[in-house]
Amino acid sequence: SKIGIDAGGTLIKVAYTENESAGYRSFRSRDMDEAAAWIENDFDHPSICITGGKSKVLASKLHTSAMTVVEFDATMKGIDFLAHEQERTLGDGYLFVNVGTGTSIHYVIDGRQERVGGSGIGGGTLLGLAYLLTGMRDYDTIVQTAGDGDRGQVDLKVRDIFEGALPPISGDLTASNFGKTEMMPGRTPANADILASLIGLIGEVVVTVSTNMAAHNNADAIVYIGSSLRSNPLLQETIETYTKLAGKTPIFLDNGAYSGAVGALLSL
Ligand code: ADP
(Lines give C-alpha, C1' and ligand atoms only; values in the text may rest on other atoms or scores of the structure.)
Protein backbone atom coordinates (compact mmCIF):
# COMPACT_ATOMS: atom_id res chain seq x y z
CA SER A 1 0.00 0.00 0.00
CA LYS A 2 0.95 3.64 -0.53
CA ILE A 3 0.17 6.49 1.84
CA GLY A 4 0.44 10.21 1.10
CA ILE A 5 0.11 12.57 4.05
CA ASP A 6 -0.27 16.36 4.30
CA ALA A 7 0.38 17.26 7.92
CA GLY A 8 -0.91 20.84 8.26
CA GLY A 9 -1.31 23.27 11.12
CA THR A 10 -4.87 22.24 11.88
CA LEU A 11 -5.56 18.98 10.06
CA ILE A 12 -3.60 15.94 8.93
CA LYS A 13 -4.91 14.81 5.56
CA VAL A 14 -4.20 11.23 4.42
CA ALA A 15 -4.69 9.74 0.94
CA TYR A 16 -4.01 6.03 0.51
CA THR A 17 -4.16 3.21 -2.00
CA GLU A 18 -4.34 -0.38 -0.91
CA ASN A 19 -4.65 -3.18 -3.44
CA GLU A 20 -7.34 -1.87 -5.81
CA SER A 21 -8.99 0.52 -3.38
CA ALA A 22 -8.22 4.13 -2.48
CA GLY A 23 -9.41 6.37 0.27
CA TYR A 24 -9.09 9.60 2.22
CA ARG A 25 -9.07 10.32 5.91
CA SER A 26 -8.27 13.32 8.09
CA PHE A 27 -7.34 13.89 11.73
CA ARG A 28 -6.91 16.96 13.89
CA SER A 29 -3.19 17.83 14.04
CA ARG A 30 -3.44 17.79 17.82
CA ASP A 31 -4.50 14.12 17.54
CA MET A 32 -1.25 13.25 15.75
CA ASP A 33 -0.65 10.17 17.93
CA GLU A 34 -4.01 8.77 16.85
CA ALA A 35 -3.11 9.39 13.20
CA ALA A 36 0.28 7.73 13.62
CA ALA A 37 -1.28 4.70 15.33
CA TRP A 38 -3.84 4.29 12.54
CA ILE A 39 -1.11 4.42 9.90
CA GLU A 40 1.06 1.90 11.78
CA ASN A 41 -1.75 -0.54 12.52
CA ASP A 42 -4.03 -0.45 9.48
CA PHE A 43 -1.51 -0.83 6.69
CA ASP A 44 0.81 -3.67 5.82
CA HIS A 45 4.38 -2.51 4.98
CA PRO A 46 3.25 0.78 3.43
CA SER A 47 5.39 3.23 1.48
CA ILE A 48 4.83 6.62 3.07
CA CYS A 49 5.43 10.16 1.80
CA ILE A 50 4.70 13.17 4.00
CA THR A 51 4.42 16.88 3.23
CA GLY A 52 3.28 19.95 5.16
CA GLY A 53 4.55 22.00 8.09
CA LYS A 54 4.19 19.20 10.58
CA SER A 55 5.77 16.51 8.37
CA LYS A 56 8.95 16.23 10.45
CA VAL A 57 7.07 15.80 13.74
CA LEU A 58 4.78 13.18 12.24
CA ALA A 59 7.66 11.31 10.58
CA SER A 60 9.42 11.11 13.96
CA LYS A 61 6.37 9.38 15.45
CA LEU A 62 6.31 6.62 12.82
CA HIS A 63 8.35 3.42 13.05
CA THR A 64 8.18 3.02 9.29
CA SER A 65 10.61 5.37 7.56
CA ALA A 66 8.89 8.04 5.49
CA MET A 67 9.93 10.23 2.59
CA THR A 68 9.17 13.97 2.77
CA VAL A 69 8.46 16.33 -0.13
CA VAL A 70 8.01 20.08 -0.63
CA GLU A 71 4.39 20.98 0.11
CA PHE A 72 3.68 23.45 -2.69
CA ASP A 73 4.94 21.09 -5.40
CA ALA A 74 2.98 18.19 -3.92
CA THR A 75 -0.17 20.32 -3.87
CA MET A 76 0.28 21.25 -7.53
CA LYS A 77 0.74 17.59 -8.46
CA GLY A 78 -2.36 16.62 -6.51
CA ILE A 79 -4.46 19.36 -8.14
CA ASP A 80 -3.31 18.24 -11.57
CA PHE A 81 -4.26 14.64 -10.78
CA LEU A 82 -7.69 15.45 -9.30
CA ALA A 83 -8.52 17.83 -12.16
CA HIS A 84 -7.73 15.13 -14.73
CA GLU A 85 -9.72 12.55 -12.78
CA GLN A 86 -12.71 14.91 -12.62
CA GLU A 87 -12.30 16.02 -16.24
CA ARG A 88 -11.79 19.67 -15.33
CA THR A 89 -9.61 21.72 -17.65
CA LEU A 90 -7.44 24.23 -15.82
CA GLY A 91 -5.83 25.74 -18.92
CA ASP A 92 -2.33 27.10 -19.21
CA GLY A 93 -1.45 29.53 -16.44
CA TYR A 94 -3.91 29.15 -13.60
CA LEU A 95 -3.98 30.14 -9.96
CA PHE A 96 -4.52 27.80 -7.05
CA VAL A 97 -5.58 29.18 -3.71
CA ASN A 98 -5.18 26.99 -0.65
CA VAL A 99 -7.64 28.16 2.00
CA GLY A 100 -6.16 26.29 4.94
CA THR A 101 -5.46 27.63 8.41
CA GLY A 102 -4.20 30.65 6.47
CA THR A 103 -4.43 31.30 2.73
CA SER A 104 -1.66 30.73 0.20
CA ILE A 105 -1.85 31.75 -3.47
CA HIS A 106 0.15 30.10 -6.26
CA TYR A 107 0.50 30.65 -9.98
CA VAL A 108 1.06 27.55 -12.10
CA ILE A 109 2.54 27.70 -15.58
CA ASP A 110 4.51 25.18 -17.64
CA GLY A 111 4.14 22.57 -14.91
CA ARG A 112 5.78 24.77 -12.27
CA GLN A 113 4.25 26.67 -9.39
CA GLU A 114 5.31 29.96 -7.88
CA ARG A 115 3.90 31.34 -4.64
CA VAL A 116 2.58 34.77 -5.57
CA GLY A 117 0.77 35.83 -2.45
CA GLY A 118 -1.27 34.96 0.56
CA SER A 119 -3.28 36.19 3.48
CA GLY A 120 -3.53 35.40 7.15
CA ILE A 121 -7.29 35.38 6.65
CA GLY A 122 -8.32 31.73 6.34
CA GLY A 123 -9.89 28.79 8.11
CA GLY A 124 -8.07 29.60 11.36
CA THR A 125 -9.66 33.05 11.29
CA LEU A 126 -13.06 31.39 11.04
CA LEU A 127 -12.40 29.16 14.06
CA GLY A 128 -10.76 31.92 16.13
CA LEU A 129 -13.25 34.70 15.50
CA ALA A 130 -16.22 32.31 15.73
CA TYR A 131 -15.04 31.38 19.21
CA LEU A 132 -14.41 34.96 20.29
CA LEU A 133 -17.73 36.20 18.91
CA THR A 134 -20.06 33.34 19.85
CA GLY A 135 -18.17 30.96 22.15
CA MET A 136 -18.62 28.10 19.65
CA ARG A 137 -15.65 25.81 19.11
CA ASP A 138 -16.85 22.90 17.00
CA TYR A 139 -16.21 23.37 13.28
CA ASP A 140 -19.31 21.54 12.07
CA THR A 141 -21.57 23.37 14.54
CA ILE A 142 -20.12 26.73 13.46
CA VAL A 143 -20.61 26.03 9.78
CA GLN A 144 -24.11 24.59 10.21
CA THR A 145 -25.23 27.50 12.41
CA ALA A 146 -23.96 29.99 9.83
CA GLY A 147 -26.09 28.26 7.21
CA ASP A 148 -29.25 29.66 8.81
CA GLY A 149 -27.81 33.14 9.27
CA ASP A 150 -28.72 36.43 7.62
CA ARG A 151 -25.74 38.63 6.71
CA GLY A 152 -28.14 41.52 6.22
CA GLN A 153 -28.37 41.91 10.00
CA VAL A 154 -24.63 42.53 10.38
CA ASP A 155 -23.12 43.73 7.10
CA LEU A 156 -23.75 47.09 5.49
CA LYS A 157 -24.66 46.76 1.83
CA VAL A 158 -24.21 49.48 -0.74
CA ARG A 159 -28.01 49.82 -0.98
CA ASP A 160 -28.20 50.52 2.77
CA ILE A 161 -26.14 53.65 2.18
CA PHE A 162 -27.83 54.78 -1.02
CA GLU A 163 -31.30 55.07 0.51
CA GLY A 164 -33.70 55.75 -2.32
CA ALA A 165 -30.93 56.91 -4.66
CA LEU A 166 -29.50 54.79 -7.48
CA PRO A 167 -26.09 53.51 -6.38
CA PRO A 168 -23.13 53.78 -8.81
CA ILE A 169 -22.32 50.11 -8.22
CA SER A 170 -24.54 47.10 -7.48
CA GLY A 171 -26.55 47.75 -4.32
CA ASP A 172 -26.06 44.11 -3.45
CA LEU A 173 -22.31 44.45 -2.86
CA THR A 174 -20.97 44.64 0.66
CA ALA A 175 -20.14 48.24 1.52
CA SER A 176 -18.77 47.36 4.95
CA ASN A 177 -18.32 43.90 6.49
CA PHE A 178 -19.74 43.97 10.04
CA GLY A 179 -20.55 47.61 9.33
CA LYS A 180 -24.26 47.74 10.20
CA THR A 181 -23.29 49.33 13.48
CA GLU A 182 -26.28 51.61 13.87
CA MET A 183 -28.49 48.59 14.48
CA MET A 184 -26.18 46.91 16.93
CA PRO A 185 -26.48 48.56 20.36
CA GLY A 186 -29.50 47.11 22.06
CA ARG A 187 -30.15 44.58 19.33
CA THR A 188 -27.17 42.24 19.13
CA PRO A 189 -27.40 40.05 16.02
CA ALA A 190 -28.02 36.33 16.51
CA ASN A 191 -25.05 33.96 16.46
CA ALA A 192 -26.22 32.55 13.13
CA ASP A 193 -26.16 36.05 11.58
CA ILE A 194 -22.72 36.86 13.04
CA LEU A 195 -21.26 33.57 11.75
CA ALA A 196 -22.79 34.03 8.29
CA SER A 197 -21.16 37.48 8.14
CA LEU A 198 -17.86 36.09 9.36
CA ILE A 199 -17.83 33.51 6.58
CA GLY A 200 -18.79 36.27 4.14
CA LEU A 201 -15.87 38.41 5.34
CA ILE A 202 -13.37 35.59 4.93
CA GLY A 203 -14.70 34.62 1.51
CA GLU A 204 -14.66 38.20 0.23
CA VAL A 205 -11.11 38.87 1.45
CA VAL A 206 -9.84 35.61 -0.06
CA VAL A 207 -11.47 36.47 -3.39
CA THR A 208 -10.25 40.07 -3.42
CA VAL A 209 -6.64 39.03 -2.86
CA SER A 210 -6.90 36.07 -5.26
CA THR A 211 -8.58 37.83 -8.17
CA ASN A 212 -6.07 40.67 -7.94
CA MET A 213 -3.26 38.12 -8.21
CA ALA A 214 -5.08 36.44 -11.12
CA ALA A 215 -5.35 39.77 -12.95
CA HIS A 216 -1.72 40.54 -12.24
CA ASN A 217 -0.61 37.19 -13.72
CA ASN A 218 -3.15 37.16 -16.53
CA ALA A 219 -4.75 33.95 -15.24
CA ASP A 220 -8.41 33.07 -15.82
CA ALA A 221 -9.04 29.95 -13.74
CA ILE A 222 -8.72 30.02 -9.96
CA VAL A 223 -8.74 26.61 -8.24
CA TYR A 224 -9.82 26.95 -4.61
CA ILE A 225 -8.72 24.12 -2.32
CA GLY A 226 -8.19 23.61 1.40
CA SER A 227 -10.26 22.10 4.19
CA SER A 228 -11.87 25.48 4.95
CA LEU A 229 -14.20 24.82 2.03
CA ARG A 230 -15.18 21.43 3.41
CA SER A 231 -18.84 21.10 4.41
CA ASN A 232 -19.05 24.86 4.08
CA PRO A 233 -21.41 25.67 1.18
CA LEU A 234 -21.76 29.27 2.37
CA LEU A 235 -18.03 29.95 1.96
CA GLN A 236 -17.98 28.13 -1.35
CA GLU A 237 -20.96 30.15 -2.66
CA THR A 238 -19.43 33.44 -1.54
CA ILE A 239 -16.14 32.60 -3.21
CA GLU A 240 -17.88 31.43 -6.38
CA THR A 241 -20.12 34.49 -6.70
CA TYR A 242 -17.43 37.08 -6.01
CA THR A 243 -14.86 35.38 -8.25
CA LYS A 244 -17.33 35.46 -11.13
CA LEU A 245 -18.11 39.12 -10.37
CA ALA A 246 -14.40 39.80 -10.78
CA GLY A 247 -14.51 38.14 -14.20
CA LYS A 248 -12.51 35.03 -13.26
CA THR A 249 -13.47 31.34 -13.36
CA PRO A 250 -13.71 29.64 -9.95
CA ILE A 251 -13.00 25.91 -9.83
CA PHE A 252 -13.69 23.59 -6.90
CA LEU A 253 -12.38 20.03 -7.00
CA ASP A 254 -13.94 17.10 -5.14
CA ASN A 255 -11.48 16.15 -2.40
CA GLY A 256 -9.51 19.32 -3.17
CA ALA A 257 -8.63 19.45 0.54
CA TYR A 258 -6.54 16.33 -0.10
CA SER A 259 -4.48 17.81 -2.97
CA GLY A 260 -1.27 17.88 -0.91
CA ALA A 261 -1.81 14.34 0.36
CA VAL A 262 -2.54 13.07 -3.17
CA GLY A 263 0.58 14.81 -4.47
CA ALA A 264 2.67 13.23 -1.71
CA LEU A 265 1.25 9.81 -2.60
CA LEU A 266 2.07 10.39 -6.27
CA SER A 267 5.68 11.22 -5.32
CA LEU A 268 6.21 7.62 -4.14
P1 ADP B 1 -3.80 23.20 7.23
O2 ADP B 1 -3.10 22.44 6.15
O3 ADP B 1 -3.18 24.51 7.55
O4 ADP B 1 -4.08 22.35 8.44
P5 ADP B 1 -6.45 22.83 6.04
O6 ADP B 1 -6.49 22.93 4.56
O7 ADP B 1 -6.50 21.46 6.61
O8 ADP B 1 -5.21 23.64 6.61
O9 ADP B 1 -7.66 23.70 6.62
C10 ADP B 1 -7.84 23.92 8.00
C11 ADP B 1 -9.19 24.59 8.19
O12 ADP B 1 -10.23 23.70 7.77
C13 ADP B 1 -9.53 24.92 9.63
O14 ADP B 1 -8.98 26.16 10.00
C15 ADP B 1 -11.05 24.94 9.61
O16 ADP B 1 -11.55 26.22 9.21
C17 ADP B 1 -11.41 23.95 8.51
N18 ADP B 1 -11.89 22.63 8.98
C19 ADP B 1 -12.56 21.74 8.20
N20 ADP B 1 -12.88 20.65 8.87
C21 ADP B 1 -12.44 20.81 10.14
C22 ADP B 1 -12.48 20.02 11.32
N23 ADP B 1 -13.08 18.82 11.35
N24 ADP B 1 -11.88 20.50 12.43
C25 ADP B 1 -11.27 21.69 12.42
N26 ADP B 1 -11.20 22.49 11.33
C27 ADP B 1 -11.78 22.07 10.20
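The centres of domain 1 and domain 2, taken over C-alpha atoms, are 27 Å apart in this predicted model. Domain 1 is made of two stretches of the protein chain, 1–88 and 254–268, while domain 2 covers 91–252. If you colour the chain by these bounds, you can follow the rest of this walk from one domain to the other.

Let's start where the two domains meet. Domain 1 brings 17 residues to the contact, and domain 2 brings 19 residues. Between them, the domains bury about 1,300 Å², and 60% of that area lies on carbon and sulfur atoms. On the domain 1 side, three residues stand out: Phe72, Met76 and Ile79 lose the most area to domain 2, and together they account for 39% of what that side buries.

What about polar links across this boundary? There are 0 salt bridges between domain 1 and domain 2, but 4 residue pairs are in polar contact, with both residues at pLDDT 80 or more. As for secondary structure, β2 (11–18) and α3 (71–85) are the elements that give two or more residues to the side of domain 1 that touches domain 2. Of these, α3 supplies the largest share, 6 residues. By residue type, this side of domain 1 divides into 6 nonpolar, 6 polar and 5 charged residues.

Now turn to the ligand. It has 16 residues around it, and those that come nearest are Thr10, Lys13, Thr101, Gly123 and Ser227. Two of these threonines are worth a closer look, as they approach the ligand with different parts of the residue. Threonine 10 uses its backbone: an N or O atom there lies 2.8 Å from an oxygen atom of the ligand. Threonine 101 instead uses its side chain, where a polar atom lies 2.6 Å from a ligand oxygen. Glycine 124 also takes part, with a polar backbone atom 3.2 Å from an oxygen atom of the ligand.

Finally, let's look at charged pairs. The count for the model comes to 7 salt bridges. One pair to display is arginine 151 with glutamate 204, whose side chains meet in a salt bridge at 2.7 Å, N to O. Where do these two partners sit in the chain? Arginine 151 is found in the loop between α5 (139–147) and β9 (156–157), whereas glutamate 204 belongs to helix α7 (residues 191–217), so this salt bridge ties together parts that lie 53 residues apart in sequence.

Notes: Residues are numbered from 1 along each chain as its sequence is written. This is a predicted model: local features need pLDDT of at least 70, side-chain atom pairs count only at pLDDT 80 or more; totals for chains, interfaces and linings use all residues. Side-chain values use heavy atoms; hydrogens and water are left out. Domain bounds come from an automatic or database domain assignment. Contact means heavy atoms within 4.5 Å. Buried area is the accessible area (1.4 Å probe) that two parts lose on being put together, summed over both. A salt bridge is a side-chain nitrogen of Lys or Arg within 4 Å of a carboxyl oxygen of Asp or Glu. A polar contact is a pair of N or O atoms within 3.5 Å; within protein, one must be able to donate a hydrogen and the other to accept it, and residues adjacent in sequence count only if both atoms are side-chain atoms. Helices (H or I, at least four residues) and strands (E, at least two) are DSSP runs, numbered from the N terminus. Ala, Val, Leu, Ile, Met, Phe, Trp, Tyr, Cys and Pro count as nonpolar, Asp, Glu, Lys and Arg as charged, and the others, Gly among them, as polar. A residue is near a molecule or strand if one of its heavy atoms lies within 4 Å of it.
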